[in-house]
Amino acid sequence: MTRRTLLIGAGAGVLGVLLASCTPEPAPSPTPDRSPSPRPTGSTIAPLAFARSRWASDPFALGSASFTPAGVQASARDALAAPVDGRLFFAGEATDADAPGTMSGALRSGTRAAEELLAAAEYGERIAIVGAGLAGAAAAARLSGTGFELTVFDARDRVGGRVQSVVDEESWPVPAQLGGWLLGAQDADVSEQLNALDIRTGSLSASLWKSTKGDVEPVADQVLTDAIASAQALPADIPLAQALTDAGADPAEPGLAALLASLSASSGSDADQASSWFPPVIPPAERTAVLGDLGAVAAHLLDDVKTSLSSPVSRVAYDDAGVSLGIATGESLSFDRVVITVPLGVLQSDGIEFSPKLPFAQRGAIADLSMGFIETVWLRFEEPLLVTDAAIWHVVGGDATIRTWFNLAPLTGENILVGLVGGADAADFADLDDDAVLAAAAASLAPFLAPAS
Ligand SMILES: Cc1cc2nc3c(=O)[nH]c(=O)nc-3n(C[C@H](O)[C@H](O)[C@H](O)COP(=O)(O)OP(=O)(O)OC[C@H]3O[C@@H](n4cnc5c(N)ncnc54)[C@H](O)[C@@H]3O)c2cc1C
């Protein structure tokens, strides 16, 4: 395939590809299919392999990562995490005040909830964990072998939750990661798990900022850190976008908008909603990417633990004597104590009925915190779209939907581009069909497409 055939203009066929989607389960199976569709549309691209996420509409996630909106205290996460009557224990990234919205936060929260349960429980008790993501798996690993009768329930037919690696060597020489996969300096907990399993990682650095007119001068993070520092001196919290405006910056200016888009794509929150007092973490210039099967982490932590998949919990009834879990299949099962690790989005949607209702402090925290959106698209090409050592691409200006790309070619030698969308744009992105996602990718990549020779 030549570079020219990567960009199919109007009148050419849209590629038919099998999508890798987060919903409906089961896990995606992206398969290359290079036969042209008879339905021509506008510009699009023809990757060898394609995978995309849809976390916003996934009923067992309903979003990607929690964030703290302006005006809400980070202590809401402690309120969410507080055990109820010594029977219910809460974990999950949203309960971790130090690293919410991350894989590290999820792992740590699971261990923390397990320790709380250990302090309250007696030998031989029946314990359930709801959710087999990183938080549930970490809780299970801590409780396993401590003398309890332990069962983990997950609504999906796989473990890992918002970590989902598409392992399919033919389409993806490097597994496509549809959920979390990037690490920063504070992610020692995840690194430890990766090292134990010998899962490959690599470093992504050097950024390229481009508009359709050519290279653009990067916008430094300093503009964000300065605005946040000023806002943190105020008597009341304000949204990050307002903090920027107050500091004399214009969030709509194309360069700053591209920086904010990358912040949304890593945190799930938009600047007009995110807190300045508890702001999203600004992505570091150099990021560690997981290049192996991240799903193995949860699977390993759950080794030897009884795990019941395809078992959505719909009701949690608790009293002094214990906890009854209603499974959507109609069963009702009794336990002494339960660790609940479902995402904030599920708690906000009343996807699980609690009887009696959770205490005001917990309900208040669930209502106050916000679920953010991050969606991703993975594309593999036969040839590079652009030969460059830059691994992080920012799309400046125009109306591109996907403004942040990771180029895995310098790191892996594979022509894989990963697009990330965050915030409200990601919620819209999740609704797009595959052809529209490919068209959006083509439009977004326009500044990076080398002119055909
Ligand atoms: C696209 C995307 C990109 C991300 N990027 C990064 C990143 O680069 N770095 C990073 O650190 N983090 C990232 N994250 C966030 C990270 O993936 C999550 O914070 C973390 O995986 C959450 O783990 P958890 O165990 O708290 O929740 P989950 O993984 O969501 O686990 C909860 C489990 O509960 C199950 N469940 C839900 N409802 C029910 C029910 N009713 N009954 C039974 N089970 C139920 C779910 O199926 C799920 O398995 C990203 C997330 C997404 C979606």
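## Helix H14 and its cap

Aspartate 433 caps helix H14 at the N-terminal end, with a side-chain oxygen 3.3 Å from the backbone nitrogen of aspartate 435. The model is predicted. Helix H14 covers residues 434-445, which makes 12 residues. At 1.5 Å a residue, H14 should span 16 Å. The C-alpha atoms at its ends are 16 Å apart, so the helix agrees with the expected span.

Much of H14 can be listed by burial. Its buried residues are Asp434, Val437, Leu438, Ala440, Ala441, Ala442, Ser444 and Leu445. An α-helix has 3.6 residues a turn, so residues three or four places apart point the same way.

## Overall fold

The protein chain holds 14 helices and 27 strands. It has 453 residues, and 53% of them count as buried. Take the contacts between residues at least 6 apart in sequence: 74% of these join residues at least 24 apart.

## The seven-stranded sheet

Seven strands form an open sheet with mixed pairing. Their order is E5-E24-E27-E26-E25-E14-E15. E5 and E15 stand at the edges. Each has a single partner strand, so one side of each lacks a neighbour in the sheet.

Strand E14 (residues 207-211) pairs with two strands named here. With E25 (residues 392-395) the pairing is parallel and runs over four bridges. Tryptophan 209 has histidine 394 as its bridge partner in E25. With E15 (residues 214-215) the strands run antiparallel, joined by two bridges. Here lysine 210 has aspartate 215 as its bridge partner. A hairpin of two residues connects E14 to E15. Four of the five residues of E14 are buried, so the strand is largely enclosed by the rest of the structure.

## Nonpolar cores

The largest nonpolar core has 60 residues. Trp181 and Trp378 touch the most other members. Helix H4 (residues 134-143) gives this core its largest share, seven residues. A second core is separate and has 30 residues, including Ala128, Ile327, Ala365 and Leu369. In soluble globular proteins, nonpolar side chains tend to be buried together.

What does tryptophan 181 contact, leaving aside its neighbours within four places in sequence? The partners are Met103, Leu204, Thr288, Ala289, Val290, Leu294, Trp378, Phe406, Leu408 and Val418. Trp378 is thus both a contact of tryptophan 181 and one of the two residues that touch the most other members of the core.

## Around the ligand

The ligand has 36 residues around it. Asp154, Arg156, Arg162, Leu182 and Val313 come nearest.

Three polar approaches can be described by atom. Aspartate 154 places a polar side-chain atom 2.5 Å from a ligand oxygen. Leucine 134 approaches through its backbone, with an N or O atom 3.2 Å from an oxygen of the ligand. Valine 313 also offers a backbone N or O atom, 2.8 Å from a ligand nitrogen.

## Unusual backbone geometry

Most residues other than glycine have a negative phi, and most peptide bonds are trans. Some sites here depart from that pattern. Serine 355 and proline 356 are joined by a cis peptide bond, with omega about -5°. Proline 356 sits in the loop between strand E22 (353-355) and helix H11 (360-368).

Two residues other than glycine have a positive phi. Leucine 62 has phi near 50° and aspartate 85 has phi near 55°. Leucine 62 lies in the loop between strands E5 (49-52) and E6 (65-67). Its relative accessibility is 26%, so leucine 62 counts as partly exposed. Aspartate 85 lies in the loop between helix H2 (76-81) and strand E7 (88-90). At 57% relative accessibility, aspartate 85 counts as exposed, because the cut-off for exposed is over 50%.

## The loop at glycine 248

Glycine 248 belongs to the loop between helix H7 (240-246) and helix H8 (254-267). Is glycine 248 buried or exposed? At 67% relative accessibility, glycine 248 counts as exposed. Alanine 227 is 21 residues away along the chain, and its C-alpha atom is separated from that of glycine 248 by 8.8 Å.

Definitions and conventions
Residues numbered from 1 in each chain as written. Predicted model: local features only at pLDDT ≥ 70, side-chain atom pairs only at ≥ 80, totals over all residues. Heavy atoms only, no water. Core = buried A, V, L, I, M, F, W, Y, C linked by side-chain atoms within 4.5 Å. Buried < 20%, exposed > 50% of the residue type's maximum accessible area, 1.4 Å probe, protein only. Contact = heavy atoms within 4.5 Å. Expected span 1.5 Å × (residues − 1). Polar contact = N/O pair within 3.5 Å; in protein donor to acceptor, adjacent residues only side chain to side chain. Pairing = 2+ DSSP bridges. Near = heavy atom within 4 Å.
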